[in-house]
Every structure is written in structure tokens, then in C-alpha cells.
Amino acid sequence: MAEGIAFIDGEYVPASEAKISIFDVGFTRGDAVYDTVSVWKGLFFRLDDHVGRFFRSCAGMRLTCPHAPAELKQILAGCVHRAGLESAYVQMIVTRGRFLDLAERDPRRCQNKFIGFALPYIWIFSPRRQEAGVHVVIAGTRRTPAEAIDPRVKNFNWMDLERGLLEALDRGADTAVLCTPAGYLTEGPGFNLFVVKDRELLTPRRNVLEGITRRTVFDLAAELGVPGREVDLTPESLREADEALLSSTAGGIMPVSRVDGRPLGTGTPGPLSSRLRALYWEKREAGWLGTPVKDLLAT
Ligand code: PLP
């Protein structure tokens, strides 16, 4: 277990010691929402956007976060500070919690539970892998339809994403993109997807998490004068794209170099993807949309 600090049951503890009950409904039924925000060189990125989305996720699943936003931010900063981390992967979670009586079935009677933690920054794909480009497959496993679980609610129901990931690893790739039951591209385990076609950035419009990095890709593209749109994308549009990239808090903007075992374009990160990736890190280094951890600490 990496070093890090968690906040659980009202206390800061080493992350490796933070535990929940085997009867917590977040564990037994995947009934939990979360959000992940990053800290780079002492600055949270788009913290209010993440906290806003977290509270919308809670509302979407009728879960109650016991801490108001200002207090929540203070707790998260407390985790980062106590862990002594300059750059961190920070998570906030509300699980349904436990039934007081185990024979109970009414989720409204559970006491919702908040957990936060800060770990050293996590890359879903290492910088080295990003420089070579990520290998993706289009999974046979379908993404859970939005009519069943609203993907805009960031949640722990990851069985479809995990199945897709296992499929990708079995096929020798790094990760998978899943389609809707109707066959349109959505997203993958921990990231949104963009394709570049004729100097335009396109991203799936349905059945996806409204990623904060996805929004950031649009912002950076606008700065470069590149138009972006949300559309329905078929698997063919990815296989035949000029470029593709993945976006996530855990890794930033990550170029794709192979799809379904074949080189995408030249088989190396495309020029626009590489430019966006460089700009993302340049701007983060310069403190763009950052909130200093130290400004949030309880006095
Ligand atoms: N889609 C899914 C399913 C995710 O789990 C994530 C992040 O964990 C993303 C997209 C990317 O969202 P963000 O850019 O806010 O990290």
C-alpha cells in the first residue's frame, strides 16, 4: 500500500489502516459515489468543479454527504497536507453505509458514510506509456446503459468497465473503450475518449461521465483555435480517426497509438494530441485553475 492519509469516521489515519465494514452497502452492492481530484505541486486542479460534481453525484443517488463543501475541501486538504504530498490523487467517497439491522432492506434507513483520502499522484498510464501512445481495444462488453445507471453520477458500479479492461489486457492492449448497447462509443475505465478527424475534436455525447479533464480538453482546444463537438461516434470513426486521446484526472491528456491491435494513423501520438498534452501540463505547472492546498487548511 502506498503511503497516504485517509479521513474516515471523523479521523485522519494512515491510508493503509482505513477500513469499512463488510456490511457497508457501498461494498455489498456498489452503492457509493465518489470523485477524484488531483493536486500538482501544491495546487488542487478545478477543485470547485470536482466538489460540485460530487454533490450532484450524491444527489443523483440520494446519498447525503455529512460535510458541507467548505468543510469537505478542508478535510481533503488535511489529507494531502498530513500525507506530506506535493502531488496527489485525492478521492472523496460517500457510501450508502450500514443498515442498523442486517435484515433491513430500505436504503433510506442507512447511515451514509464519508471517506476521503490522498495518495501519491496516480497515472492510469505512465508518462512513458503516454509518450509511446496508449493501446486501446473496442470491447465487446457494453457500457451499462444510462437508463440503468446515470453515468454522470460518478459511481462504484464498475463491473462493465472491469470486464472491458480484462478483455483489453487479455488481448495484449492497455485498456478498453466500451460502446452503448446500440453500438456507439462511450468511455473506458477511468477516462473519456476523443477522436481527431480533419482537425476537429469529437467526443461521445451520450452515456458518459462529464469528465472535468474532458471539459479541460475543450478549453485547451479552444485556446488553440481547434473546434470541438459532442457527437455519436461509431467504432469505425475511432479506427479511422487521424488521432485519438484519452482524458482523466489520473494522467491528464493521453494520446492513443493503437486501436484493436492496429496502428492508429502513423502509430505514434498525433500532433494535436501531443500539443494538448503538453499545454495541459504547462498550464498546470503555471498554476492554471489551481487552489493552493495550504489556503484550505483548518487554522
Ligand atoms: N469516465 C469514467 C468512467 C471515469 O471513471 C473517469 C474518471 O475516473 C472519467 C471518465 C474521467 O473523468 P475526470 O476527467 O473528471 O477525471
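Colleague: What makes the approach of Arg 53 to the ligand a polar contact?

Modeller: In this predicted model, a polar side-chain atom of Arg 53 lies 2.9 Å from an oxygen atom of the ligand, and because a polar contact is a pair of N or O atoms within 3.5 Å, with donor and acceptor demanded and sequence neighbours limited to side-chain atoms only within protein, the pair qualifies. Local features need pLDDT of at least 70 and side-chain atom pairs 80 or more, whereas totals for chains, interfaces and linings use all residues. Residues are numbered from 1 along each chain as its sequence is written, and side-chain values use heavy atoms, leaving out hydrogens and water.

Colleague: Which distances put Lys 154 and Thr 249 under that heading?

Modeller: An N or O atom in the side chain of Lys 154 is 2.5 Å from a ligand oxygen, and for Thr 249 the corresponding distance is 2.6 Å.

Colleague: How do you know how much of the ligand is covered?

Modeller: Taken alone, the ligand exposes 390 Å² (Shrake-Rupley method, 1.4 Å probe), and the protein buries 94% of that area.

Colleague: What makes a residue part of the ligand's surroundings, and how many are there?

Modeller: A residue is near if one of its heavy atoms lies within 4 Å; 18 residues surround the ligand, and Lys 154, Glu 187, Ile 212, Thr 213 and Thr 249 are the closest. By class, this shell has 6 nonpolar, 8 polar and 4 charged residues, where Asp, Glu, Lys and Arg are charged, Ala, Val, Leu, Ile, Met, Phe, Trp, Tyr, Cys and Pro nonpolar, and the others polar, Gly among them.

Colleague: Why is the space taken by the ligand called a pocket rather than a cavity?

Modeller: The space taken by the ligand is the largest pocket, and so, on a 1 Å grid over the protein atoms alone, it is an open set with protein on both sides within 12 Å along at least five of seven lines, whereas in a cavity a 1.4 Å probe fits but cannot get out. The volume of the largest pocket is about 550 Å³, and its lining (an atom within 4 Å of a point) has 34 residues, with Tyr 34, Lys 154, Trp 158, Gly 190 and Phe 191 nearest the centre. That lining divides into 16 nonpolar, 13 polar and 5 charged residues.

Colleague: Where is the largest cavity, and how many cavities reach 30 Å³ or more?

Modeller: There are 3 cavities of 30 Å³ or more; the largest, with a volume of about 40 Å³, is lined by Arg 143, Thr 144, Ile 149, Pro 151, Asn 155, Asn 157 and Asn 207.

Methods
Sits in = over half its atoms within 2 Å of the grid points. Points joined across faces, edges and corners; volume = space filled by probe spheres on them.
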